[in-house]
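Let's take a friendly walk through this structure, looking at its open and enclosed spaces and at how some of its helices pack.

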Amino acid sequence: MGAMDRARPAPPATPVPERPAWARLREHHGEIATQHLRDLFAHDPHRGERLTAEAVGIYLDYSKNRVTDETMRLLVRLAEECGLRDRIDAMFRGEKINITEDRAVLHVALRAPSGRRIVVDGIDVVPAVHEVLGRMAEFADQVRAGLWHGYTGKPVRNIVNIGIGGSDLGPVMAYEALRHYSDRRLTFRFVSNVDGTDFAEATRDLDPAETLFVVSSKTFTTLETMTNAATARDWVLAALKDRAAIARHFVAVSTNAEAVEQFGIDVMNMFGFWDWVGGRYSMDSAIGLSTMIAVGSRGFREMLAGFHDMDEHFRTAPFGANLPVLLGLLTVWYTDFFGAQTQAVLPYEQYLKRFPAYLQQLTMESNGKHVTLSGAAVDYATGPVFWGEPGTNGQHSFYQLIHQGTGLIPCDFIGFLHTRNPLGAHHDLLTANVFAQTEALAFGKTPEQVRAEGTPDWLVPHRVFEGNRPSNTLLLDTLTPYALGTLVALYEHSVFVQGTIWDINSFDQWGVELGKVLAKTVAAELSATAEPELRHDSSTNALIRRYRAAARARS
């Protein structure tokens, strides 16, 4: 029987809006919606020191949120009423909480210490995780030491990761985040888009004799990844002329040994993972092979330690002091009670320039759902749009909308007390902007303050800042592999908290399937020799005909 035959719908839960804490939160929102952060701080001089939490090297200041002690108490009660504790325990036990795919959700096993025991279908999965990590480390050490030679005997100097979705976003984000720790003798490139330009530009200045491709696809059938992999194979063979070269210039991250071997890759150079690892939760699995090559096995294991420490904090800390729980509940608060449709993540650290893009998949692929676990349509908001750019660049781009726009946009500011590149006053200025932006968003500038600056009356409305714009500040010491692990795990578990409150499955992604299926049909019609019979809507049919006409004109 397949997974779809075995899976069973979850029993209907009490609809979230019918839970007592939700109803009380709705009333409470009406009571405090007009309260300004200026007043909340004025009435509680120690608010900025009190509404904070700290764990595993992350200091969270959530005092600049539109909440009171009662708000937080009710949000925690909501988490309890929604069974968050039981859901956390079920995930860590390896239960198949991804009910639509009949799978466990065990990215936490990828960073579990070797002595930990986590059982799925009667099998302790931790030894297999460490066996793969050991093989990854052995291979990465060979490449870093110049001992992995290409077909002509030259050491590999260029590593090109080919993947898409979680097989690309995680590795490229981690590489950029940890570039300070990377082996600068090696060049790393990342190819994901099926647009041929992506491959062409990534390889334009590389020598095939010194290039290794890491092809990441669980099934080894992902259309974009395998299209790029086939182009990479042709690129290598055009230079090296012998199919035997493939085995020295390609490794696979996959579970499909037969397809890997047919491609020409030695299955001894295939690194596996498991169906209980979702793509967007896989950067610390074998999908992270390119990361390990870049920063070394020790750096990779330090990152895993950061993941694990945040896992344990999430698993054991009381909800009122639990970082992922607090972040997740605040997202629910703004999404469902204030009508916020987006959330900005603003890292003040250039190395984290790809972190918002990584979070887009993690958050929106997870919680962009319209039915509950039992299949009932939701009648409340789920899954806000996550977006952002590193500071201070964003300040000269979209902060205008955050400060003076008509929509409410909660923000997460991520800052570091120390920089890996101390240059003059740069880091002081960068950090000053973190603190100043959260202050400006919270407190704004009143008409009286604007007039006191000598502003003409007609100009006053344009220069007023309403304030009362909520933000979290996350402060870490330094961006290290350990810190990156804690930060990623923080958001992973925050997403899980949100999904639990909303009673949705954060671990499937059926919404990505339909377009992929239709694309196969359209691709065949675009390239057909004879004029195909088109059975789409009139718009799609017309677009296909226009493309085919352009192709005929080119030939």
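Before we begin, a word on residue classes: Ala, Val, Leu, Ile, Met, Phe, Trp, Tyr, Cys and Pro count as nonpolar, Asp, Glu, Lys and Arg as charged, and the others, Gly among them, as polar. Keep in mind, too, that you are looking at a predicted model.

Start with the largest pocket, which has a volume of about 1,200 Å³. It is lined by 40 residues, and T222, Q509, V512, E513 and K516 are the closest to its centre. Sorted by class, the lining holds 14 nonpolar, 16 polar and ten charged residues. Helices α8 (166–177), α10 (223–240), α15 (355–367) and α21 (513–527) each give at least two residues to this lining, and the largest share, five residues, belongs to α21.

From the pocket, follow α15 to its packing with α20. The axes of these two helices lie 10 Å apart, at an angle of about 25 degrees. Angles under 35 degrees count as roughly parallel, and α15 and α20 are therefore roughly parallel to each other. Their crossing is right-handed. On the α15 side you will find F355, Y358, L359, L362, T363, S366 and N367, which meet L487, V488, Y491, E492, V495, Q498, G499 and W502 of α20. This contact comprises nine nonpolar residues, five polar ones and one charged.

Helix α20 (residues 481–502) also packs with α14 (residues 323–337), where the axes come within 8 Å and cross at roughly 50 degrees. That angle makes α14 oblique to α20. Here, too, the crossing is right-handed. Residues of α14 in this contact include L323, P324, V325 and L327, and among those of α20 are L490, Y491, H493 and W502. Eleven nonpolar, six polar and one charged residues make up the contact.

Now look for enclosed space: the whole structure has two cavities of 30 Å³ or more. The largest cavity holds about 60 Å³ of space. Which helix gives the largest share of its lining? That is α14, with four residues. Strands β12 (411–416) and β13 (471–476) each add at least two. Among the lining residues are N65, L327, Y334, C411, D412 and S471. The lining as a whole has six nonpolar, five polar and one charged residues.

The second largest cavity contains about 50 Å³ of space. Around it sit L110, V129, V132, L133, M136, G272, W274, D284, S285 and A286. Seven of these lining residues are nonpolar, two are polar and one is charged.

Technical notes. Residues are numbered from 1 along each chain as its sequence is written. This is a predicted model: local features need pLDDT of at least 70, side-chain atom pairs count only at pLDDT 80 or more; totals for chains, interfaces and linings use all residues. Side-chain values use heavy atoms; hydrogens and water are left out. Axes are lines fitted to C-alpha atoms, for helices over the stretch in contact, and angles run from 0 to 180 degrees between N-to-C directions. Angles under 35 degrees count as roughly parallel, over 145 as roughly antiparallel, 65 to 115 as roughly perpendicular and the rest as oblique. A crossing is left-handed if the near helix is turned anticlockwise from the far one by less than a right angle, and right-handed if clockwise. Contact means heavy atoms within 4.5 Å. On a 1 Å grid over the protein atoms alone, a cavity is a set of points where a 1.4 Å probe fits but cannot get out, and a pocket is an open set with protein on both sides within 12 Å along at least five of seven lines; lining residues have an atom within 4 Å of a point. Grid points are joined across faces, edges and corners, and a volume is the space filled by probe spheres set on the points.
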